[in-house]
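Colleague: I am new to this structure and would be grateful for a guided account of it. May we proceed by question and answer?

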Amino acid sequence: MKNYLRQTLLMTFLVLGILLALQELPALSVAGISLRKVDMWSDIRVLDVPEEMDTVLLPALPKPAFVDTCPQGMVCIEDYSDSTQRGMQPFYEALDRLGTGQQWVRIAVFGDSFIEADIFTGDLREMLQQKYGGCGVGFVPITSDAPGFRPTVQHFFYGWESHAPTDSMYYDRKRQGLSGHYFIPSRGATVELRGQSRYASRLDTFERAAIVFETQDHVELTAHINRENLHSNKFSSSPRLQQMEVEGKIGSVKWIIQSADSATFYGMFADGRQGIILDNFSLRGASGITLSGIPSRMLREFNHIRPYDLIILQYGLNVATERRNNYEGYQKGMLQTIALLKEYFPQAGILLMGVGDRNYRTDTGELRTMPGVKNLIRYQRNMAAGSQVAFWDMLEAMGGDGSMARLVHASPSMANYDYTHINFRGGRHLAELFFKTLIHGKEQTDRQKAHEEE
């Protein structure tokens, strides 16, 4: 047998020589992306590395019109609303009306892959429903890329053509719904929702279910409730959004499209008859600016069938880069987006969440919060102030600089090894922090109101 020891040693010395040579090269970048500098001794060298400094003048930090008196350890909501009260006030007032004539308090959370599969929102929904009543998972799109990944509902579908803003072709922006998606059925297409009790409470059954669509021709739908009761309905053409609703103690609902030659479907709702409704509108890869591309007619129609009391915007992961300083273009786009939401959802309060932590490895191999993340948060705070809405600093709530790495290496882990996305445990952790902040804000508002009435 031939001995390869000599060749192995030669190869080892050759690789070592190449690495030592690369170590002498300066930091490089390709297409604007900085490459990590080769440093063979980074794991054993002890260095005092200074914090990165901003290289451009960042926007000044605004002062909110009202900040909750914050207990130690809590990051409170900053409300920049003016006399029109488009911050948290509409939400708090809607909570007061529960049980006195108003049936629901509706919340829409628009975001990116950070909240995909109901991460964060599933636990926040449960906490709010346990306190204020309600059941059901809220909005569910007709189809999903990974239906088994979302634990808050069992979701099955067949016979649908799905379209999303991420499509490379054949996407008609004029047809998109509030989630950015739209769905075209074939004859006999089906979609089914089933309650579950393994993740979060109040999701095993729901009391109202609806499927939403628009059509220029006749549509015939059938709904199977709990795999037994059968409901059928026919709909005529209409320029308005339409929905087929069913009620009862619903453990499962299966919609069958008997005929729908020119119909476009947008999603389903599974709710209680009263209490909290929380809809998750996550879109992987989204920046938030795509919301401004939703036709005004569609925004108006969704507000008619689903008037929200609070709209939460969670974006930024797909915007922040390692060392980017200037986000003025993004700020301009988001200001337009918020203005549209204020116009077409005139009763809703709006809360902009600062981007969560995102870590990168420095040239020395150290995990740190991207400077671009911190810069983006300053712009987001200014977006909230410029739009007179509310702001919540998620990075600060997570624990500040390097918090994502701490979540990743927690036991058990609360985030993924991309150092960007939380997992379901991390989602519950953040939901608890945000829920406590919401409740504290409501209590502060009640105390302020009582003081003014004395």
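**Helices, cavities and salt bridges**

Colleague: Which helices each supply at least two residues of the lining of the second largest cavity?

Modeller: This is a predicted model, in which local features need pLDDT of at least 70 and side-chain atom pairs count only at pLDDT 80 or more, while totals for chains, interfaces and linings use all residues. Residues are numbered from 1 along each chain as its sequence is written, and side-chain values use heavy atoms, without hydrogens and water. The lining includes Gln89, Tyr92, Lys442 and Lys449. The helices that each supply at least two of its residues are helix 2 and helix 9 (DSSP runs of H or I, at least four residues; strands are runs of E, at least two; both numbered from the N terminus).

Colleague: How many residues of that lining are charged?

Modeller: The second largest cavity (1 Å grid points where a 1.4 Å probe fits but cannot get out; lining atoms within 4 Å of a point) has a volume of about 50 Å³. Glu93, Asp96, Thr445 and Asp446 are also among the residues that line this cavity. The lining has 1 nonpolar residue and 2 polar ones, whereas the number of charged residues (Asp, Glu, Lys and Arg) is 5.

Colleague: Which residues of helix 2 are buried?

Modeller: Helix 2 spans residues 89-97 and is followed by Gly99, whose phi is positive, near 85 degrees. What covers its buried residues includes strand 5 (104-111), helix 3 (121-132) and helix 9 (424-453), as well as strands 15 (275-282), 16 (310-314) and 17 (349-353). The buried residues (under 20% relative accessible area, with exposed over 50% and partly exposed in between; 1.4 Å probe, protein chains only) are Pro90, Phe91, Tyr92, Ala94 and Leu95.

Colleague: Which residues are the closest to the centre of the largest cavity?

Modeller: The whole structure has 3 cavities of 30 Å³ or more. The largest has a volume of about 80 Å³. Its lining of 13 residues has, closest to the centre, Ser179, Gly180, Leu283, Thr290 and Leu291.

Colleague: How far apart in sequence are the parts tied together by Glu116 and Arg284?

Modeller: Glu116 and Arg284 form a salt bridge (Lys or Arg side-chain nitrogen within 4 Å of an Asp or Glu carboxyl oxygen), with the closest N and O atoms 2.7 Å apart. Glu116 lies in the loop between strand 5 and helix 3, and Arg284 in the loop between strand 15 and helix 4 (296-305), so the parts tied together are separated by 168 residues.

Colleague: Is Glu214, the partner of Arg297, buried or exposed?

Modeller: The closest N and O atoms of Arg297 and Glu214 are 3.0 Å apart in their salt bridge. Arg297 lies in helix 4 and Glu214 in strand 9 (residues 206-215), so this pair joins parts 83 residues apart in sequence. Arg297 is partly exposed at 31% relative accessible area, whereas Glu214, at 13%, is buried.

Colleague: Which residues do salt bridges that share partners join into one network?

Modeller: A search of the whole structure finds 22 salt bridges. One of these joins the side chains of Glu247 and Arg273, at 4.0 Å from N to O. Glu247 is in strand 12 (residues 238-250) and Arg273 in the loop between strand 14 (263-271) and strand 15, 26 residues apart. The network formed through shared partners consists of Arg208, Glu245, Glu247, Asp271, Arg273, Asp279 and Arg306.

Key
Contact means heavy atoms within 4.5 Å. On a 1 Å grid over the protein atoms alone, a cavity is a set of points where a 1.4 Å probe fits but cannot get out, and a pocket is an open set with protein on both sides within 12 Å along at least five of seven lines; lining residues have an atom within 4 Å of a point. Grid points are joined across faces, edges and corners, and a volume is the space filled by probe spheres set on the points.
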